[in-house]
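These are my notebook entries from one session of looking things up. I record them in the order in which I consulted them.

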Amino acid sequence: MAHRLAIGLFLVALLSPIAGGLVISAPPLGENRRLAATPEVTWAGLRDASFFSAYERYFNDHFIYRRFLTRAKNWIDFHLFRVSPATKVHVGLDGWLYLRESFPDPARESCDDVEILTLAKQLHELDGVIDASGRTFFLILAPDKPTIYPEYVGPLPTRSHCAKSRYQLLVEALAEFPVKHFVRLDLPLLHAKAQQQLYYRTDTHWNPSGSMIVAETLLQQLSPSRWREYVPTVDLDTTPSFSGDLSRMLALDLKESAPFIKDIRYQADVHVTTRKSLNDDRPWFRITAVPPTEAPLLPKTILYRDSFMSLPLEMIKGSFTRLDAVWTYDMLDPDAADDLRTSRLVLFEMAERYLPLVSFDVPAIAAALRETTPP
Amino acid sequence: MVFSSLLFLFLFLPAVLAGYYLAPPRHRNAVLLCFSYLFYLWGAGAFLFLLMLSTLVNYALGLLIDRRSGPDARRPNAHRWLAAALLFNLSILATFKYANFLIGEINKGLAVLDLPPLFWAGVALPLGISFFTFHQISYVVDVYRGRRPACARVVDFALYVAMFPQLVAGPIIQFHEISEQLKQRLETLQGFHQGLLRFCWGLIKKILLADSCAKIADAVFAQTGPLGTGAAWLGVFAYTLQIYFDFSAYSDMAIGLGLLFGFTFPENFHRPYSALSITDFWRRWHMTLTRFFRDYLYIPLGGNRRGPLRTYANLITVFLLCGMWHGANWTFLIWGGYHGALLILERITGMNRTEASGLPLLRRALTLLLVAVGWVFFRAHDLGQAADLLGAMFRPAAVPTAPEIMETLNNRNLFFLALSGLVFLLPREFSGAKLLLTPRPLASAMVQAGVLLAVTAYGIALLASEAFNPFIYFRF
């Protein structure tokens, strides 16, 4: 009887994924990647067995219990073994999670970073080119979480002899190749962190409190005399169930208590138009603001940005006559070419972790800007 | 396709079980053969044709040998057909497994002499070639020796060669051990149940124990820079555990799968790390390979019947070939020679005798140490890496542990490494698989089944999450 029961259970377990797969499809895990597609049957693929490996990838990706089993395994790894279930996420102290790529290269031999020096040189040249075109360039550098909160990182294996962050390295390089309007966010954030938590524990980004600091710092640099007029009134509340991008990368539902924007009131009427979707799911907004009085707003502006600016954007969007917020680092993106030509201010925000990936074709940008004059 | 994959567990296995048990008994071998060929095609692609061709040739040669080797026959040409069969099988092995290495080494020599290299386009290594060739050698020799008649049905013989549970990694089943089962066997519920438990046991060993140890061992063996003494020993012991749990797990799964289809395969491992000597180790490690070399090479060479010097020569020959069988590289040759030399040393000193041995714990520890040192050659990419690693093990140096190694030393890997390490300490006759199959009261059996189910589910969860690869955002 026991044998029959065990065998029955075994057979049910073996057959259920196929049987279930006929009825429903596997629920997604939210990995931000395309799952393997059904491979095409070709003679070459059969001969060199590449079809079979492709089919196996497809089968694995669409396995009906994949989400359930992955979450269960991750739960055990995280809660029982205290191990990060995703190699891209580092589990720090006191529930703080970090994106691995936000740490400096553990194998870095020294603080001499040719890539960062090259980038600083390009930024310096870009600043000159934009300035020569009659526009003003602002460089905004978003510090990664470990740069502001190194104390929660915990033990991290490294053999690097350089203790400096990429942020510090770029700041040092920019001393040699200066950019006139460099919006340093590390200093105000480091200063403010004693009073309030500025990053989410389970997310890579600033929380609303950190975003407010960022917005104020940016507006201060954009308009040193009138910046306070542009700061909106923001009402914050607290939610006990925030779960950030890093938590999602672990396929776990780790909750934290975090502030959220309950209400936001601008000095001007704000209109947002979603222009189009760039690079898959990255939004591209055009924001126009109309002030109730004759109070001047900041001129037409283009903002090249990444995910870090999502929340600060909410806080600065009532400050510009027109603001085109484009989620890209490519200043030559043809879709945004007209916006660049018609902007007076050029804001470029980039996250610290992407510094090694960013580069500019300065002569091409110069040529693009030469074609028109700013409004 | 490997046994520890979702595709095998949830697509191939249900399909083959359904196909097999729905087929009439007389067609079951044919069904199993078709699925075995599909299994091979999945991993080896067009090499399936090589497997089929070599099967047909050996089948034909077997018939030719058998016609002349009956007890009453004079068999004037049997030895010639046998020689042809051996030549054919060894040529296939030499071409596909050793030619790249051999011609590469010859070309190195020619380069030193400033002579042009030999032209050789290079060949890919067909999956499981060492195993299916040995099976076919076992067949023709057993038929020649008259231990068993040749297979009358080509399907039976092809199944013996290609049966998917043992096709790519053994155990090496000698023809006379299974020939009757190929003709007639009884599939029972009890056998199926035992096969099920054995398969799960192997799956757990592979996914939880072997793969956790592999992460540490791989990180150590991948180091190109200097290595500290502690890290070197850690890597070698992690590999010592990995190779045992990986290989014995595969054997467990193969034996379990065999039982699901009514076959009883020979055991392949018997607590090798509890061996009291290297001689004892080889009675417990990859037992089917040891038996193959003993029956088809060592004994025909004269074994230990022709005096000590000839015995030593036979031992070293067998172990050099055993090393080469594992792979075409100097590291395997050295590994084989190392074990052969240790066996000779044990014979000279009398340490090969385990019956009346004193200090068993010390002997176990020493044997383990010697075996672990041998694994350095087995695992190293080349002799240079083996020398570096042995240098790091025996020349104390305070080198900081590389971050790549530190990354692998997380709680999970360390827990399973420690759990695996129990194999060094458990009694010599202990067997996890036997413990699992021991009949027990219902309540106890239910608890055991529950634990086995939960651990297997965790193992399958590890498999399912292997492809889990989250990105913070779609890349720029």
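**Entry 1. A loop position in chain B.** I began with B:His286, which sits in the loop between α11 and α12 (287-298) of chain B. I note at the outset that the model is a predicted one. I looked up the backbone of B:His286 and found a positive phi of about 40°, although the residue is not a glycine. Is B:His286 buried or exposed? Its relative accessible area is 0%, and because buried means under 20%, B:His286 counts as buried.

**Entry 2. A second positive phi.** I then turned to B:Arg271, another residue other than glycine with a positive phi, here near 45°. I located B:Arg271 in the loop between α10 (229-260) and α11 (278-284) of chain B. I looked up its exposure as well: the relative accessible area is 6%, and B:Arg271 is buried.

**Entry 3. Chain B as a whole.** Which secondary structure elements does chain B have? I recorded 20 helices and zero strands. The radius of gyration of chain B is 24 Å, close to the 23 Å that the globule rule gives for 476 residues, so chain B is as compact as a globular protein of that length. I added the extent of its C-alpha trace, which spans about 70 × 65 × 65 Å along the principal axes. Of the 476 residues in chain B, 56% are buried. I also looked up the contacts of chain B with a separation of 6 or more, and residues 24 or more positions apart account for 76% of them.

**Entry 4. Surface and charge of chain B.** Chain B exposes about 20400 Å². I noted that carbon and sulfur atoms supply 68% of that area. For the charges, I found 38 positive and 24 negative ones in chain B, with mean positions 7 Å apart.

**Entry 5. Domains of chain B.** I looked up the division of chain B and found domain 1 (29-185) and domain 2 (191-276 + 357-433). The second of these is written as two segments. How many residues does each domain of chain B bring to the contact? Domain 1 of chain B gives 16 residues and domain 2 of chain B gives 12 residues. I recorded 30 Å between the centres of the two domains of chain B, taken over C-alpha atoms.

**Entry 6. Chain A as a whole.** I moved on to chain A, which has 14 helices and 11 strands. Its C-alpha trace spans about 85 × 55 × 50 Å along the principal axes. Buried residues make up 50% of the 375 residues in chain A. Among its contacts between residues at least 6 apart in sequence, I found that 71% join residues at least 24 apart. The accessible surface of chain A comes to about 17400 Å², and 56% of it belongs to carbon and sulfur atoms. I counted the charged side chains of chain A as 41 positive and 46 negative, with the centres of the two sets 4 Å apart.

**Entry 7. Domains of chain A.** Chain A is divided into domain 1 (39-70) and domain 2 (98-370). I looked up the distance between the C-alpha centres of these two domains of chain A, and it is 40 Å.

**Entry 8. A strand residue in chain A.** I found A:Leu141 in strand β3 (residues 136-142) of chain A. At 0% relative accessibility, A:Leu141 counts as buried. Which residues is A:Leu141 in contact with, leaving aside its neighbours within four places in sequence? I listed A:Tyr167, A:Leu170, A:Phe182, A:Val183, A:Leu185, A:Met350, A:Glu352 and A:Leu355. I also noted that the C-alpha atoms of A:Leu141 and A:Glu349 are separated by 5.7 Å, with the two positions 208 residues apart along the chain.

**Entry 9. Two loop residues in chain A.** A:Ala86 has its place in the loop between α4 (66-80) and β1 (89-91) of chain A. With a relative accessible area of 3%, A:Ala86 is buried. I recorded 5.6 Å between the C-alpha atoms of A:Ala86 and A:Leu250, which are 164 residues apart along the chain. I then looked up A:Asp335, in the loop between β10 (322-326) and α13 (337-341) of chain A. A:Asp335 is partly exposed, with a relative accessible area of 36%. The C-alpha atoms of A:Asp335 and A:Val234 are separated by 33 Å, and the two residues are 101 residues apart along the chain.

Note on methods. Residues are numbered from 1 along each chain as its sequence is written. Chains are lettered from A and ligands numbered from 1 in the order in which they are written. This is a predicted model: local features need pLDDT of at least 70, side-chain atom pairs count only at pLDDT 80 or more; totals for chains, interfaces and linings use all residues. Side-chain values use heavy atoms; hydrogens and water are left out. Helices (H or I, at least four residues) and strands (E, at least two) are DSSP runs, numbered from the N terminus. The radius of gyration is taken over C-alpha atoms; the globule rule is 2.2 Å times the number of residues to the power 0.38. Buried means under 20% relative accessible area, exposed over 50%, partly exposed in between (1.4 Å probe, protein chains only). Contact means heavy atoms within 4.5 Å. Accessible areas come from the Shrake-Rupley method with a 1.4 Å probe; for residues, only the protein chains shown count as cover. Lys and Arg count as positive and Asp and Glu as negative; His and the chain ends are not counted. The place of a charge is taken as NZ of Lys, CZ of Arg, CG of Asp or CD of Glu. Domain bounds come from an automatic or database domain assignment.
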